[in-house]
Amino acid sequence: MREQLTEEKVFKDPVHNYVYVQDQTIWDLINTNEFQRLRRIRQLGTTYLTFHGAEHSRFSHSLGVYEITRRIISQFERYDYPDWPKEERLVSLCAALLHDVGHGPFSHSLEEIFDTDHEEWTCSILLGDTGINEVLRAVSDDFPSQVAAVIKKTYPRPIVVSLISSQMDADRMDYLLRDAYFTGVNYGNFDLERILRVLRPYKGRVVVKESGMHAVEHYLMSRYQMYWQIYFHPVTRSSEIILRQIFRRAQELSRAGYAFEWMSPSIRQLLNNTLGIRDYLKLDEALVQTAFTEWSEEKDLLLSELCYRFMNRQLYKYVTMDNPDESLLNEIAETFLSIGLNPEYHMEMDYPFDLPYDVYRPDQNEGKKKEKAPILLLDNEDQLSEISMKSDIIRSITGLHQGQYHLYYPEEPLLANKNILSDKLRTLFKIGKEMI
Ligand code: NI
């Protein structure tokens with residue numbers, strides 16, 4: 001086991017005030033190239049186009065998740081709870097710090113197009129020929145695969161997994177607070193100190209002392225609010241749609257043998273789905289945005305238009321549709337074709353939804369990889385109950401699907417051709433008739 005630092009290191013942090021580093025291993029991991037790369041990847045992808053403060057990086061979030069995990073473990077150690085396995089401290093801290101290290105630029109949008117998975121990249125970085133692997137191997141030969149097992153949720157001790165990945169884990173607690181802080185909204189605030197005080201290790205999992213139920217209610221309401229106000233904001237969805245279409249178009253062109261006037265080797269490999277770890281690590285948001293700036297002058301008019309729109313925030317508008325029927329969508333597609341638009345790229349139906357809090361049901365969800373362990377309350381008689389059984393507030397938002405269909409489209413060509421549009425489409429797109 002590697003030792004503690006002779007002098008504790010601190011990072012100033014706007015959310016947690018200070019992030020404390022006491023272990024040589026953690027300090028060395030932070031200083032690897034792969035971890036430093038997270039400074040060049042935004043935590044919230046394209047959200048900065050909607051909330052201009054949202055420029056914070058995955059580097060700051062990763063430090064935050066580490067710090068919350070460190071505080072939870074310190075609390076467990078301070079009270080010497082017999083259900084906390086003390087030897088799991090370092091593996092837990094490393095997994096917390098590294099859980100997002102495989103994220104690429106604008107990763108959620110890119111993953112949909114290129115069918116990659118940041119969790120798999122994280123494990124490749126932990127296990128491959130990298131600086132991170134070298135630091136982890138200095139602990140012990142099988143330490144890299146132990147950390148990877150926590151991230152893959154296959155680690156034999158579920159309490160370690162639940163710190164990083166459950167309905168109330170260090171990851172979510174950090175990103176809610178951090179995203180609220182940097183977007184400037186208040187919905188995401190909840191009482192982290194209070195929650196940390198009521199967490200208990202109990203029979204292989206982390207549970208909440210029943211008296212802490214209201215602090216957990218507040219956390220779940222914050223999450224509910226953040227989803228609808230920030231994560232599913234329709235303008236952010238618009239920028240994500242354009243981003244995906246840029247990569248879809250670039251991939252289509254690349255497959256057809258189109259000669260790009262500007263190309264980087266790692267982006268070419270991304271488009272061809274032949275990325276190795278070395279080139280994957282070269283991808284960051286600076287490179288992707290350089291590509292977009294260059295491509296906004298490409299000969300291919302569709303690619304150049306989409307890149308211009310993204311870089312200059314000329315996003316698609318949207319209309320809400322209660323129940324989009326096929327014939328209306330066909331009419332829109334035909335009209336779009338007749339005015340020179342490409343329905344494959346210029347119209348997209350979006351239906352965002354997520355469950356603010358999904359109760360764990362072992363009989364129905366068994367075997368699902370993404371399933372998250374539920375929040376359990378521990379009462380004075382050592383009885384556990386799932387929180388929505390005790391809380392009216394949580395029951396009321398459990399399993400709620402809220403969402404509307406939005407149709408995204410470029411408004412300018414419709415305005416320029418408004419006299420060609422049918423009355424139905426003019427009403428839908430809220431475009432008036434030309435007054436003569
Ligand atoms: Ni995270």
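This text goes through a metal site and a few paired strands in a predicted model.

Begin with the nickel ion. Four residues coordinate the nickel ion: His61 and His99, each through NE2, and Asp100 and Asp171, each through OD. The distances are 2.2 to 2.3 Å. Along the sequence, the donor residues follow the spacing H-x37-H-D-x70-D. Asp100 and Asp171 are 71 residues apart, and the pair links distant parts of the chain. Asp100 sits in the loop between helix 4 (89-98) and helix 5 (107-114), while Asp171 belongs to helix 10 (residues 170-183). Both Asp100 and Asp171 are buried.

What is the geometry of the site of the nickel ion? The angles among its four donor atoms run from 80 to 167 degrees, and the site is irregular. The site does not count as tetrahedral, because that would require all angles to lie between 85 and 135 degrees.

Now turn to the strands. Strand 3 (residues 199-202) pairs with strand 4 (residues 205-209) in the antiparallel sense, over four bridges. One bridge can be located by its residues: Pro201 has Val206 in strand 4 as its partner. Strand 3 and strand 4 form a hairpin with two residues between the strands, and in this hairpin Lys203 takes a positive phi near 45 degrees.

Strand 4 has a further pairing, with strand 7 (residues 376-378). Strand 4 and strand 7 run parallel and are joined by two bridges. Here Val208 has Leu377 in strand 7 as its bridge partner. Strand 4 is therefore paired in the antiparallel sense with strand 3 and in parallel with strand 7.

Notes. Residues are numbered from 1 along each chain as its sequence is written. This is a predicted model: local features need pLDDT of at least 70, side-chain atom pairs count only at pLDDT 80 or more; totals for chains, interfaces and linings use all residues. Side-chain values use heavy atoms; hydrogens and water are left out. Donors are N, O and S atoms within 2.8 Å of the metal (3.2 Å for Na, K and Ca); water is not among the atoms, so sites may look incomplete. Four donors count as tetrahedral if all angles lie between 85 and 135 degrees; four count as square planar and six as octahedral if opposite donors are over 155 degrees apart and all others between 65 and 115; anything else is irregular. Buried means under 20% relative accessible area, exposed over 50%, partly exposed in between (1.4 Å probe, protein chains only).
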